[in-house]
Amino acid sequence: MTFNSIDFLLFFPIIVGIYFLIPQKLKYIWLLVTSYYFVASFSTQEDKYLGVKSLFMLIVCTMISYIFALWMKKQEDPRKKKNIFRAGIISDLLILLFFKYFDFILLNVNSFLGIFRMKELHNPINILLPLGISYYIFQTIGYMADVYKDKAEPEKNLLRYALFIGFFPKFSQGPIERSTNLMKQIREMEERRLWDYEKIVSGVCLMAWGMFQKMVIADRCAVYVDAVHNNLFSAGTVETVSAAILFSICIYCDFAGYSSIAVGAARVMGFSLTDNFDTPYFATSIADFWHRWHISLSTWLRDYIYIPLGGSRCSKIKKYRNIMITFLLSGLWHGASWTYVLWGGIHGLYQVIGDLLKPVREKINTRFHVKTEAFSYTFGKILITFGLTTFAWIFFKVESFENLVLYFNRMFTRFNPWVLSASGLDYLGVNLKDVALVAVFLLIFFVGEIARYVCKTDMGTFLTAQNIWFRGGVLLLLILMILVFGEYGINFDSKQFLYMKY
Amino acid sequence: MKQIIIKGFRVGIFLLILGVVIWRTGKILDWKDTTGNYLSSTQQLYHTPENTMDVIFLGSSHCYCGIYPAYLWRDRGISAFDMAVSGQDRASTYHTLVEALKTQKPKVVFVDMYGLTFDRHEIEGNVYRNMLSMKVSENSIELIKEYVEPEKQNDFFARWPIIHTRFWEVGKYDYIQYLPSEYGRGAAYQWGTHTADPGDAETEEADTLKETNRQWLTRLYELSREKDFKLVFFVAPFNIKEEEQRQVNAAAEYAKEKEIPFIDFNKIRYQIGLNDELDFVDEFHCNALGAEKVTEYIRDYLEQNFSLEDHRGDVKYAQWDMDYKWFQHLKLKAEFEGDNSAEEFTGKIARQEDLVIAVSFDPAADSEASEDEKNEILASLRTLGIVSEQGDFAESCPQAEGLWIRDNSGLRKVSENDPSAKPFCADIGRTDAIRLRYSSPREASDMMINYTQYLRTDTMLTIVVYDPFLEEVLCTKNL
């Protein structure tokens, strides 16, 4: 069951209705049952039991981290405690390594052996990737690390802990929650007032905004982007550049859309999840971009990899090494492919080069009397950052090195703006009316982003603060646009969210 | 408590407005055709008074193109109805009949055997035509469960996941009712001509009747006994393949076994006088001429085997009158589409008094017109009653120059040669308006219906014919 399915539209109001009707002390059990049902209900044409298998792995990982955390807490000897912590982390990582990277490693070993004309070890075994595994494994690692460092108390109630790991709004695509946030809220469920009209309204508005981002913008842009990527041989500069820009918007609306639905759904039930996005394309530098993009992953990588490696409080060389390791791992987390690793590496390099060139930039600014406080300067930085991230997204989108090379080849050849005419677009399966429609939606999205940037709140909170007629009107329009212009139903096969596969 | 009531009231109002908006939008986007071009036999069924259909024909496009209830009404006053949907499959045939039997008690039901020849639809639109046209009920849900793959059934039940994709094709008749979908009797009237493919119906061999086909025929047979109507199996003319004919022959044997009459029009197509060159609109669908021959055969069959009442003149059956009127208007439209001399053309429109006619006459527009051309124009103006029978072209010009209209209020001149005068504007249909303005030379001239300009600057006489019944411009003539 995905957030953009009819099943979820039926599932959510029913489970929320019952959730508010049952006694306070049963609520967390109800949420755990519904969360597990949510996970088990996933299926694909290739594997009808994907959800059930994923649920099994979720329970296994939950049990491992639950037991290791309690065991650590009981251990007085710091050396033994450290060993238990290491064992817990290694168990989790081995699971992730097996399910996500085994085939990737095998393929690379085979290629390496091939260079020396040695026999291949084994063919890839196409291991099923359990849903949400990258997210909840990172969450369990973070939890064990927090318990190890005494930043968090281990949870004794297994069901409460299982809800912390498997809570359905954030199960398949995050946010990657910390025990200091979500676990705390689950523990306090019986004391907290969960029914809050304002929060429910805010959550519903945020969910509608998320669905609009995903179903209306991301999936409509994806039609063009996929058409260009599927016809790279025929593409030229205009198609590839426009597809790269649209993919930037597409992946943002896809992932941010999911996050908004997740945060909104949790808010309806009285939970506050980590806000995963904060207008990332208004970032003025790559470092700033990573403070705004997939915030729960960025902060996780910062707290559990970058800082333990030494962070920035060390020599420049070590600092750059730490940045590169963190971003290469970030790339690898996104997928078992060298193109993802390259994508992460490029983001690392951007930051290293940016840091190295900082004195040069400052000199230029001084020499040419650049007004760094002016809007135009900030706007220029925003444009450059957007350009750099868009360039990096190409590595993220292409499926192989061959396609990457071809993509760059086509970016600098066959300049023909007339492909954007009606007949040219027709060839790509898009018509001018669709383009006009997407332009209108992008304008709405842009206004939403500006509102978020200026007001520093998400769309749900922003709308809740408005007059009832404006809020009601916007919500009505959003629902209508989703129902009419959303990409869903029988002729639509891109039902999955892009970030679900990570 | 007061706060809770206020908040509850707000939520209630919002949900009410949302519900109304979604309901109205759903109505606009809803699937509306079973035949093409907004024509829906299912909607026609829902608009038909209870217990008025004596004869029902079930089938696909071969049925609604091959059998015209209008002919049966014209000739014998038989209240027949084509409960036909494009590419009607077996499950749809059965459940459409069940839907019709909710309000009708037909004496005879003819079922086209085309359903024997395929298991799944090849055209996606036909799936929607068959699955989404009925009102939501236990019957329509059963149909979806029977035909649609389990993983797609929810989309069909909810309908929105399918119909929302229509947003680019929404047109005028999504906002207002397409009237032929109320009074039409299921047929799709067509006058085009195309050489037909006669198919391969000669074989007398029969295959074993497929189990799915046997089940379908048995189901229909049992329904006929349960609801007490006479069942007749028939095959409307189409280009049948030999293996399909062998299955049809097997069905004929089954029918014989159960004493169900069986008429195979593919086998008797030349016996009833069907002409492959003249009687088909494409390779496998009858046109009005072909349908007349098929329907006459059925008329005679009904006359010989049943005593059906003549309902002509009964107000309860007004829709059959309307349908016949619609047939006549479409026939007239088809006649206009052919080559017509000016005399024939003006003669026809002069006689057909329920048409709106706009005429622009500017004698200065074509200074090089020959005497013959001028005489032709003069004759046309006379036929229309714009100029008197006496006088030659030059004498008649001052009287006729300007813009004329003939509508419910009769024939009158509505615009003289005065560029500063206000244009004549009038509503001529539910959504159509006409705007007329005349000047010579024609810088300030208009002869517009909605946003289309019909006036030509190089001809003396322009005639636009609008049919308020069909709600469309039938034709234009420039002389």
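In this predicted model, the contact between the two chains draws 15 residues from chain A and 19 residues from chain B. On the side of chain A that touches chain B, the greatest contribution comes from helix H21 (residues 468–485) of chain A, which supplies eight residues. By character, the residues on this side of chain A comprise eleven nonpolar, three polar and one charged.

Chain A contains 21 helices and zero strands. Its radius of gyration is 24 Å, close to the 23 Å that the globule rule gives for 502 residues, so chain A is as compact as a globular protein of that length. Among contacts in chain A with a separation of 6 or more, 72% link residues 24 or more positions apart. The overall descriptors of chain A are collected below.

| Descriptor of chain A | Value |
|---|---|
| Radius of gyration | 24 Å |
| Box filled by the C-alpha atoms, along the principal axes | roughly 65 × 65 × 55 Å |
| Residues that count as buried | 40% of 502 residues |

Chain B, in turn, includes an open sheet of four strands in the order E9-E10-E11-E12, with antiparallel pairing. Strand E9 (424–427) and strand E12 (452–453) of chain B form the edges of this sheet, and each of them pairs on one side only. Strand E11 (residues 446–449) of chain B runs antiparallel to E12(B), and two bridges join these strands. At the residue level, Met448(B) has Gln453(B) in E12(B) as its bridge partner.

How values were computed: Residues are numbered from 1 along each chain as its sequence is written. Chains are lettered from A and ligands numbered from 1 in the order in which they are written. This is a predicted model: local features need pLDDT of at least 70, side-chain atom pairs count only at pLDDT 80 or more; totals for chains, interfaces and linings use all residues. The radius of gyration is taken over C-alpha atoms; the globule rule is 2.2 Å times the number of residues to the power 0.38. A residue is buried if 20 or more other C-beta atoms lie within 10 Å of its own, exposed if 12 or fewer, and partly exposed in between; C-beta atoms are placed from the backbone. Two residues are in contact if their C-beta atoms, placed from the backbone, lie within 7 Å. Two strands pair if DSSP finds at least two bridges between them. Ala, Val, Leu, Ile, Met, Phe, Trp, Tyr, Cys and Pro count as nonpolar, Asp, Glu, Lys and Arg as charged, and the others, Gly among them, as polar.
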